[in-house]
2 protein chains.
Amino acid sequence: MTNDHNAPQTVIKQDELRLEKFLPYRLSVLSNRVSNAISQAYGARFHLTIPAWRVMAILGRFPDISAAELVEQTAMDKVAISRAVSSLLKSDYVTRREDPADRRRQVLNLSEQGREVYARIVPLAQQYENDLITSLSTEEREQLDSIIEKLMVRAKEWSERGLIDE
Amino acid sequence: MTNDHNAPQTVIKQDELRLEKFLPYRLSVLSNRVSNAISQAYGARFHLTIPAWRVMAILGRFPDISAAELVEQTAMDKVAISRAVSSLLKSDYVTRREDPADRRRQVLNLSEQGREVYARIVPLAQQYENDLITSLSTEEREQLDSIIEKLMVRAKEWSERGLIDE
DNA sequence: TAACATTGGTTTCAATTGTAACCACTGTAT
DNA sequence: ATACAGTGGTTACAATTGAAACCAATGTTA
């Protein structure tokens, strides 16, 4: 395929799969390693799960939104959001008030406390991201950015339009 | 700490986090989308979970290995492997025999049936990968390959040497 | 040889997650 | 008003997962 530095042609039989080179697999291993490391970091310090932290991250940037809007933003599902929010309410990191215009809708926000925690996690998160990409040149960072964007479009199509063939 | 190449045009306050641009987050969303789509594809056709399929994929390339070696190869954990193997034994996709040299160790292989299923899944998997990367140019594919490699090294260091700071 | 640490692998139990059913409210049509 | 479909959000239950305890075999030390 792309790179074979030590062989004139790829020697792998077509009916074998090189898992180590298989993109979906590599993405998954990489992403798991990264997520686990980071979630340990703030999980340990602030007792936050990844979904909870995601909710806070969104609320930090977009105040006054509802759970449904969180679903849109994060691509997490309804139930996960509901649970994350309810645990964040319990720990007083977020506040919730009814939207008088639509009494089904609950408007969410970071609480004072939540804002403090948020302010402390953000640099930590950035530090991790920084550390992760120090090994990349500026060009590579840009490349990665645009490549991820393209892959995401494709993957999104899968989930929307159903799978290949079928 | 390490390097700082931030553009002057960035308007986001430093103490805010743009989740949509946060690499660990994007990786996770992308990887989940891809994995779910693909696992649906062969889960539906062959009743395989992702861990089970991974085990088969490794066994297809590396016969006569043990569960412990599977752990090494896949970065999955002991228990996940154990469960996957036991379900694969039940469906007769893999065989297991005791290593006479070390009676704790079990040597695993694809069965005839397993090999057949493997042979049918491989093209399917490749088709998905293909479809995913059609949106990328040849250069981009090479870039992605090497970038993932670099990120993986870093993430691996985290899990081995513990986290940043600490 | 007895004692103890280590390794390969499984089991158990609790926490996390996903799916579907559900309740409460709103919007629309009758 | 009344009925009914759609939406926001939660609950209940089953399946999946992870951590820790565990068993059996091996290696190591004395």
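These legends walk through close-up views of a predicted model with two protein chains, A and B, and two DNA strands, C and D.

**About the model.** Because the model is predicted, local features need pLDDT of at least 70 and side-chain atom pairs count only at pLDDT 80 or more, while totals for chains, interfaces and linings use all residues. Residues are numbered from 1 along each chain as its sequence is written, chains are lettered from A and ligands numbered from 1 in the order in which they are written, and side-chain values use heavy atoms, with hydrogens and water left out.

**View 1. Where chain B meets chain A.** Chain B puts 74 residues into the contact and chain A puts in 75 (contact means heavy atoms within 4.5 Å). About 7800 Å² is buried between the two chains, and carbon and sulfur atoms give 62% of that (buried area is the accessible area, with a 1.4 Å probe, that two parts lose on being put together, summed over both). The interface also holds 21 residue pairs in polar contact, both residues at pLDDT 80 or more. A polar contact here is a pair of N or O atoms within 3.5 Å; within protein, one must be able to donate a hydrogen and the other to accept it, and residues adjacent in sequence count only if both atoms are side-chain atoms.

On the chain B side, the elements that give two or more residues are α1 (23-46), α2 (50-61), α3 (67-74), α5 (112-133) and α6 (138-161). The largest share, 18 residues, comes from α6(B). Helices (H or I, at least four residues) and strands (E, at least two) are DSSP runs, numbered from the N terminus. By residue type, this side of chain B splits into 34 nonpolar, 18 polar and 22 charged. For that tally, Ala, Val, Leu, Ile, Met, Phe, Trp, Tyr, Cys and Pro count as nonpolar, Asp, Glu, Lys and Arg as charged, and the others, Gly among them, as polar.

**View 2. Salt bridges at B:Arg61.** Side chains of opposite charge can pair when their charged atoms come close. Across the interface of chain B and chain A the rule picks out 14 salt bridges, and a search of the whole structure gives 24 over all chains (a salt bridge is a side-chain nitrogen of Lys or Arg within 4 Å of a carboxyl oxygen of Asp or Glu). B:Arg61 pairs with A:Glu20 at 3.2 Å, N to O. B:Arg61 also forms a salt bridge with A:Glu16, with the closest N and O atoms 3.9 Å apart. A:Glu16 sits in the segment before α1 (23-46) of chain A and B:Arg61 in helix α2 of chain B, so this pair joins two chains.

**View 3. One copy laid on the other.** A turn of 179° and a shift of 0.0 Å along the axis lay chain B on chain A with an RMSD of 0.3 Å (a least-squares fit on the C-alpha atoms of residues with pLDDT of at least 70 in both). The two copies are thus related as by a two-fold rotation axis. Of the interface residues of chain B, 97% are also interface residues in chain A, so the copies meet through the same surface.

**View 4. Around DNA strand D.** Strand D is surrounded by 16 residues, the closest being A:Ala68, A:Lys78, A:Arg96, A:Arg104 and B:Arg83 (a residue is near a strand if one of its heavy atoms lies within 4 Å of it). Sugar and phosphate make up 47% of the strand D atoms that come within 4 Å of the protein. A polar side-chain atom of A:Arg104 lies 2.7 Å from a base nitrogen, and a polar side-chain atom of B:Arg104 lies 3.3 Å from a base nitrogen. A backbone N or O atom of A:Gln106 is 2.8 Å from a phosphate oxygen. The largest share of this surface, four residues, comes from α4(A), and the residues divide into four nonpolar, three polar and nine charged.

**View 5. Around DNA strand C.** Here 17 residues surround the strand, and the closest are A:Arg83, B:Ala68, B:Lys78, B:Arg96 and B:Arg104. Sugar and phosphate give 49% of the strand C atoms within 4 Å of the protein. An N or O atom in the side chain of A:Arg83 is 2.6 Å from a base nitrogen. Phosphate oxygens lie 3.3 Å from a backbone N or O atom of B:Ala67 and 2.8 Å from a polar backbone atom of B:Gln106. The largest share, four residues, is from α4(B).
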